[in-house]
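Here is a short tour of one protein chain. Keep the sequence and the 3D view side by side as you read.

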Amino acid sequence: MTRYLLAIDQGTTSSRAIVFDQTGNSVATDQQEFHQYFPKDGWVEHDAREIWDSTLAVCRGALDKAGIDASELAGIGITNQRETTVIWDRATGEPIYHAIVWQDRRTASWCTKLKSDGHEDTVVERTGLLIDPYFSATKIAWILDNVEGARARAESGALAFGTVDSWLLWNLTNGKSHCTDATNASRTALFNIHKQDWDDDLLALFRVPRALLPEVLDSAADYGTAEVQWLGAPVMIAGIAGDQHAALVGQACFYPGMAKSTYGTGCFLMLNTGDKAVRSENRLLTTMAYRLNGKPCYAVEGSIFVAGAAMQWLRDGLKLIAHANESSAHAEAVGVDNPVYLVPAFTGLGAPHWDPHARGAIMGLTRDTGIGEIVTAGLQSVCYQTKDLVRAIQNDGARLESLRVDGGMVVNDWVMKFLADILNVTVDRPRVTETTALGAAYLAGLQTGIFDNLEQISALWECERQFHPEMRPALRESLYAGWLDAVERVCNN
């Protein structure tokens, strides 16, 4: 009998569920966008109840579209937007404040003070992360300090913290499971990636009570059971990983030196470093790739805050295009030698700049500039930012000869060709581009016995198209020099 896997892919702008079969093929998908809240400059919030409601709706929708019953599922895998912070009441299950999203910069001044007080080396050494508002620790403290009575309730054990995976797990199990996996834990700035445990010194530094925290499990593990009331049958929740880690699994980057780059709301490039936690000298992050059978696998990661979100802004904010797929025609007409640069620092700049105070800009405007040039600059900004990350990886001594890509933007052939050209590496686009959800399904499949090992999963990966670099070196260098000049103008460092 065919057994299926349900992947929950809870992202920054939408919740999605995909049913996969035993060979990693997508059977049915359902997706639902939800509201984004921007209460102040640099603040980004979600309604955690809406995240749960939309997730449940798409799970039911995907099963309906697949024409299967929940009893036919071997297990559920969860992958999620990382660092986004939810705190809820253990008794009622109600959030005490909106979820503070990973993009949120409200704690920037405190992070600056922590760095000036000399704490960053300790944080980097133990967590692999820099001190930045991006990570969960300062978000947790902000909620506890700004919601009346929250800190005392947290210290008494009345409240629970979780990244979005933990929040969904809590709801699916009706409060029976308060857990996370090692990848999500590694993005809080509270988890010691060497000891594989919450770090008491960091909890003290960020003023986070241990009583708030979830139990940390492997990425493939028994997380409990989705209660029958939600999907119509009890289903084991068998895998969890943060979205970028799940994409690494979905891309079968299981060996040191293999790299993937995911293009969703943001862009995240991750390079597998095996059982060694390699410290970057170029302001990249050291993080968990995944943890299986108690054994950690590490990675180096570069995080870009705005990729697909730039095109969303051009569509919804400036209304220069009606649909994202119109961008290719503009880019074809304008060409790669575009004098306009869009630096999408809407919520600061991520790696390798780490400037929370930078703000977006469009540069190189002339009377000849039209919609086409600005839209093309938006597409190119994603590739230029990836170049920043690749250059940092290369400066750290790693060799990158090819890059596996995934996410919504990679269906755009023009962008993928420009990416190969500006990086000067081969870009491999897989047959299944929704590799984040696929990785969550693979993890659940490992735990439930659908897959025996990582080698079996590697054999399922297929390349749909390769993009090879052909750009003249002089043009590549000239275009990138223009980008670096534009970035320097918006930075406050």
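The report below covers the domains, their interface, the salt bridges and two backbone details.

This is a predicted model, in which local features need pLDDT of at least 70 and side-chain atom pairs count only at pLDDT 80 or more, while totals for chains, interfaces and linings use all residues. Residues are numbered from 1 along each chain as its sequence is written, and side-chain values use heavy atoms, with hydrogens and water left out.

**Two domains**

The domain assignment gives domain 1 (4-244) and domain 2 (252-492). Such bounds come from an automatic or database assignment. The C-alpha centres of domain 1 and domain 2 lie 23 Å apart. Domain 1 puts 61 residues into the contact, and domain 2 puts in 48 residues. Contact here means heavy atoms within 4.5 Å.

UniProt also annotates two spans, both from an unreviewed entry. Its positions are given in the numbering used here, feature names are shortened, and annotations may be inferred rather than shown by experiment. Helices (H or I, at least four residues) and strands (E, at least two) are DSSP runs, numbered from the N terminus.

| UniProt feature | Residues | Helix | Strand | End C-alpha distance |
|---|---|---|---|---|
| Carbohydrate kinase FGGY N-terminal | 4-250 | 34% | 25% | 16 Å |
| Carbohydrate kinase FGGY C-terminal | 260-446 | 35% | 25% | 21 Å |

**The interface**

About 4300 Å² is buried between domain 1 and domain 2, and carbon and sulfur atoms give 59% of that area. Buried area is the accessible area (1.4 Å probe) that two parts lose on being put together, summed over both.

Across this interface there are 19 residue pairs in polar contact, both residues at pLDDT 80 or more. A polar contact is a pair of N or O atoms within 3.5 Å; within protein, one must be able to donate a hydrogen and the other to accept it, and residues adjacent in sequence count only if both atoms are side-chain atoms. On the side of domain 1 that touches domain 2, strand β5 (residues 73-80) gives the most, with 6 residues.

**Salt bridges**

Side chains of opposite charge can pair when their charged atoms come close. A salt bridge is a side-chain nitrogen of Lys or Arg within 4 Å of a carboxyl oxygen of Asp or Glu. The interface of domain 1 and domain 2 has 7 salt bridges. Arg 291 and Asp 218 form a salt bridge at 2.7 Å, N to O.

The whole structure has 33 salt bridges. One of them joins Arg 187 and Glu 83 at 2.8 Å, N to O. Arg 187 lies in the loop between α7 (182-185) and β10 (191-192), and Glu 83 in the loop between β5 and β6 (86-89), so the pair ties together parts that are 104 residues apart in sequence.

**Two backbone details**

Most residues other than glycine have a negative phi, and most peptide bonds are trans. Arg 207 has a positive phi of about 60 degrees. Ala 351 and Pro 352 are joined by a cis peptide bond, with omega about -5 degrees.
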